[in-house]
Amino acid sequence: MENIRYDLITALPEMILLGMAMLVLIADLFLKQSNRIAIYGLSQLALLIAAYFTFTTHAPGVGYAFGDTFVDDAMSDVLKLMIYLGTSLIFVYSRQYIQQRNMFRGEFYALVLFSVVGMMIMVSGQNMLTLYIGLELLSLSLYALVAMDRDNARATEAAMKYFVLGALASGMLLYGMSMIYGMTGSLNLADINHALMNDAKTHSVLILGLVFIVAGLAFKLGAVPFQMWVPDVYEGSPTAITMLISSVPKLAAFAFVIRLLAQGLQTMAVDWQQMLLVMAVLSIIIGNVTAIAQTNLKRMLAYSTISHIGFVLFGLMSASINGFASAMFYISSYVLMSLAGFGVILLLSRKGFEADKLNDLKGLNQRSPWTAFLMLIIMFSMAGVPPTLGFYAKFAVLQAALQAGFLWLVVFAVLMAVIGAFYYLRVIKLMYFDEPLDHHPIQVPADMRVALSVNAFALLFIGLMPQGLMSLCAYAIVKSLS
Amino acid sequence: MLEYFLQHILSFSIWLPIAFGVAVLFTADDSKPAPTRWLALIGSIASFAVTIPLYTYFNFADGGFQFQERFLWIASFNINYHLGADGLAVPLILLTSFTTVIVVMSAWEVIEKRVAQYMASFLIMSGLMIGVFSALDAIFYYVFWEAMLIPMFLVIGIWGGPNRVYATVKFFLYTLLGSLLMLVAFIYMYHQTGSFAITDYYQMPMSLNVQILVFLAFFAAFAVKIPMWPVHTWLPDAHVEAPTGGSVVLAAIALKLGGYSFLRFAMPIAPDAAHYLSHFMITLSLIAIVYIALVALVQKDMKKLIAYSSISHMGFVTLGFFIFNNLGLEGAIVQMISHGFISAAMFLCVGVLYDRVHSRQIEAYGGVANTMPAFAAFAVLFAMANSGLPGTSGFVGEFMVILGSIQTNFWYAFLASFTLIFGAAYTLWMVKRVFYGEVANDNVAALKDLNKREFLILAILAVLVLAVGIYPEPLTNVTNATVNQLLSHLSHSKLPAGF
């Protein structure tokens with residue numbers, strides 16, 4: 001009995017969020033369209049309550065639940081809080097957008113909340129099956145969300161592509177997991193680690209399993225050569241959903257990688273380091289070079305994401321506490337930047353008009369100097385120019401990689417960063433140096449305007465005072481991995 | 001009160017113009033630009049006033065860092081908010097805050113489009129550049145170094161000429177590329193010493209191979225900024241397209257960031273590499289001095305001509321650095337300050353003409369002296385200074401560098417002194433074609449002479465050019481102790497024992 005109570009308390013935020021998501025679904029049945037705003041409030045409340053319990057049940061130690069399949073440690077708590085914050089921002093940014101596109105329904109909020117539960121399970125999974133179930137909960141919710149705008153052919157195509165390729169990747173992941181299970185006799189990450197440590201000899205089946213696992217992970221992260229779905233899905237999905245796909249799930253995917261590779265397969269670091277290295281280099285090249293050729297802003301941000309993931313892999317492949325902490329710092333910075341970037345696209349969109357072409361940004365400084373300035377901060381941050389957050393993110397992963405001895409790779413990465421700077425500069429050029437094509441006034445709710453301003457200015461202020469976020473990430477990694 | 005102020009004077013020098021810049025941004029109203037302009041002027045004068053005590057309270061006998069401030073900024077990487085100024089930094093800081101006043105005045109009626117953003121860019125840039133000159137922590141320095149690209153990028157891109165986008169993107173990417181390699185060098189040294197403090201790097205022993213790599217990483221960053229031949233090609237583009245204020249700041253201060261950084265980082269951190277590569281550096285400098293001067297000779301665009309002339313003059317600065325003697329180094333520093341005044345004045349002169357006729361081509365003018373006699377007097381003075389006439393500041397630095405290089409190698413001095421001929425040739429030939437002769441066309445005939453504002457700006461610069469030319473002591477007094485200390489540091493090898 002005591003055990004069950006402990007289990008329930010450990011997984012309390014997940015349970016609450018799951019319950020609230022169901023409540024949203026039921027409440028939706030009884031609401032008229034005019035009152036549907038209550039659903040929005042309820043969803044935000046759900047995140048707030050979950051955040052409250054995650055925060056209050058936080059302990060510096062590590063707690064296991066449900067027969068060691070679920071873990072509550074510093075990393076999971078920190079990442080979960082970031083996920084709530086990001087999702088809450090997504091709700092704020094997307095409200096008007098989905099209202100204008102007839103997507104303002106209970107399903108949207110319920111599906112997003114389900115995907116959040118999936119992310120939380122990924123973050124806390126301590127067993128390969130738990131991790132997999134979390135991943136599937138997230139993925140299935142996202143597939144449905146992409147296709148939510150039923151009559152939109154492009155969105156349907158994107159959903160189809162996402163689903164087929166995503167299912168394939170899940171299959172690969174499972175296949176890899178089954179091989180690891182076959183060799184070690186356990187699905188539990190700690191047991192796997194233990195078994196691998198005692199049995200030092202490397203076995204080709206283990207390596208094969210690792211290859212499948214890494215391929216599955218790379219697909220979920222969107223790293224080259226498993227990046228094909230990223231630009232199409234980003235472009236085809238409704239922008240609000242693109243914002244979701246590109247942001248918070250990356251935090252969960254990061255945790256997924258840490259759990260599997262750093263905790264479970266730690267002894268095989270030499271093998272996965274090489275794989276991550278190749279993927280990191282390819283992602284940075286393909287992401288940055290291909291982004292230059294894009295005319296669609298969402299597509300450009302998709303390639304930009306790929307290159308950012310390359311930098312995260314740079315941190316991960318260092319395979320040290322320093323490297324993991326800097327990768328976590330990078331991915332959380334990336335999520336903030338990505339949310340703000342898509343937030344600006346949503347801000348400029350209106351009924352019947354998607355501001356997703358690069359040319360839609362032309363002359364923004366004359367239409368709205370404030371919005372242009374926000375986008376300026378976001379773009380310089382993505383390019384990694386100080387004093388913005390993006391610089392410290394790049395700085396952190398590069399120093400980790402240099403510490404691990406990858407000097408020439410670091411030099412290569414900074415050269416690629418210069419190429420990357422080019423397409424971010426082009427966005428600034430369009431906003432500041434060109435004349436506007438579009439003269440519609442920008443009409444958005446005040447809460448979105450404020451939230452977006454805070455979000456973008458956070459990139460500048462955390463850039464001036466990065467210590468807090470750095471310490472938080474270092475704390476999460478150190479407490480959970482050592 | 002005064003004590004508190006003096007302890008934090010560098011912080012004030014950095015943050016006051018930035019605060020004013022942000023305040024100016026909020027006065028954005030192009031239909032009523034007067035408050036914006038006055039606020040910017042007050043801000044720039046206040047920021048200049050704040051930096052003056054750096055000189056008056058400076059201890060001339062001390063070659064080390066004064067007015068130091070230090071506290072921990074980013075604990076994870078041991079990065080400090082560490083400021084300090086030595087005899088090298090103080091004149092450049094004063095030059096920066098002074099130039100900002102000039103730039104604000106020069107933009108007064110000229111800039112009508114987005115006045116607030118223009119003024120704010122220069123005020124913020126001023127603070128950032130002072131940050132570069134006074135930061136003693138590598139990452140802190142790097143943040144300022146890169147951050148100043150952002151306002152400059154916008155200034156050239158928004159208020160620049162027809163080909164401004166190409167010019168400004170080129171400027172940004174060129175500089176970024178070099179800087180990032182420098183960042184890698186910083187991170188490398190951090191992992192060796194566990195610190196980002198510049199002074200720790202000064203003491204850090206390194207093998208020659210490592211020193212050469214570190215030096216080359218710095219070289220990539222600074223040579224682009226100075227700019228040295230052959231990575232100078234961004235400068236003529238940027239100058240031609242930039243608005244007058246942008247050209248002034250670029251020539252007067254931004255180029256000095258590179259020169260200053262050579263003395264602050266590349267040479268003292270890797271002294272053996274600096275000696276090892278000195279012939280290479282001197283060769284590049286001499287090419288810049290001679291070849292670029294010849295390139296300047298054939299320019300048809302006045303701004304481009306002055307841009308090439310800047311590169312040629314900055315060749316003197318790097319030549320002075322790498323002959324490793326007192327005269328050369330002091331001459332290089334004097335040359336940097338003097339070039340700050342002269343190039344600013346020259347670009348302002350072109351600006352005066354451009355505002356009236358809207359052409360920078362030499363052939364669009366002729367006989368300007370007939371219609372603008374006062375302006376012609378100033379322009380001829382600055383042209384003389386640019387070609388290194390004794391009695392002007394342009395002479396002092398070049399002469400000291402030439403004297404210094406004779407001590408090293410006669411042929412260096414021989415080649416360098418060509419600049420006195422070529423410099424006079426391209427500058428005076430331009431003056432002749434623009435100012436003298438018959439009135440060339442109706443545009444020139446319709447020219448009005450300087451207004452009070454323009455007269456005031458040029459007069460201040462003329463006084464400074466002559467003052468430094470006739471009596472450079474106040475300047476060399478500041479730098480003397482630091483130069484000696486630097487030279488003695490450079491003469492000690494940092495190779496680990498056994499090499």
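Guide: A residue is called buried if 20 or more other C-beta atoms lie within 10 Å of its own, exposed if 12 or fewer do, and partly exposed in between, with C-beta atoms placed from the backbone. The model is predicted, and local features need pLDDT of at least 70, side-chain atom pairs count only at pLDDT 80 or more, and totals for chains, interfaces and linings use all residues. Residues are numbered from 1 along each chain as its sequence is written, while chains are lettered from A and ligands numbered from 1 in the order in which they are written.

Visitor: What makes Glu398(B) count as buried?

Guide: Glu398(B) has 28 C-beta neighbours inside 10 Å; the definition asks for 20 or more, and therefore the residue is classed as buried. Glu398(B) belongs to helix α19 (residues 393-408) of chain B; helices are DSSP runs of H or I with at least four residues, strands are E runs of at least two, and both are numbered from the N terminus.

Visitor: Which residues are in contact with Glu398(B), leaving aside its neighbours within four places in sequence?

Guide: They are Phe316(B), Gln335(B), Gly388(B) and Thr419(B). Two residues are in contact if their C-beta atoms, placed from the backbone, lie within 7 Å.

Visitor: Why is α6(A) called roughly parallel or roughly antiparallel to α7(A)?

Guide: The axes of α6 (residues 128-146) and α7 (residues 153-184) of chain A come within 9 Å and cross at roughly 170°. That angle makes α6(A) roughly antiparallel to α7(A), because angles over 145 degrees are given that name, those under 35 are roughly parallel, 65 to 115 roughly perpendicular and the rest oblique. Axes are lines fitted to C-alpha atoms, for helices over the stretch in contact, and angles run from 0 to 180 degrees between N-to-C directions.

Visitor: Which classes of residue make up the contact of α6(A) with α7(A)?

Guide: By class, there are 13 nonpolar, 3 polar and 1 charged residues. Ala, Val, Leu, Ile, Met, Phe, Trp, Tyr, Cys and Pro count as nonpolar, Asp, Glu, Lys and Arg as charged, and the others, Gly among them, as polar.

Visitor: What makes α7(B) mostly covered?

Guide: In α7(B), 11 of its 11 residues are buried, including Leu149(B), Phe153(B) and Trp159(B).

Visitor: How many residues does each chain bring to the contact between chains B and A?

Guide: Chain B gives 27 residues and chain A gives 25. On the side of chain B, the largest share, 15 residues, comes from α8(B).

Visitor: What is the mean pLDDT of chain A?

Guide: The mean is 89, and 99% of the residues of chain A reach 70 or more; pLDDT is the predictor's confidence in each residue, from 0 to 100.
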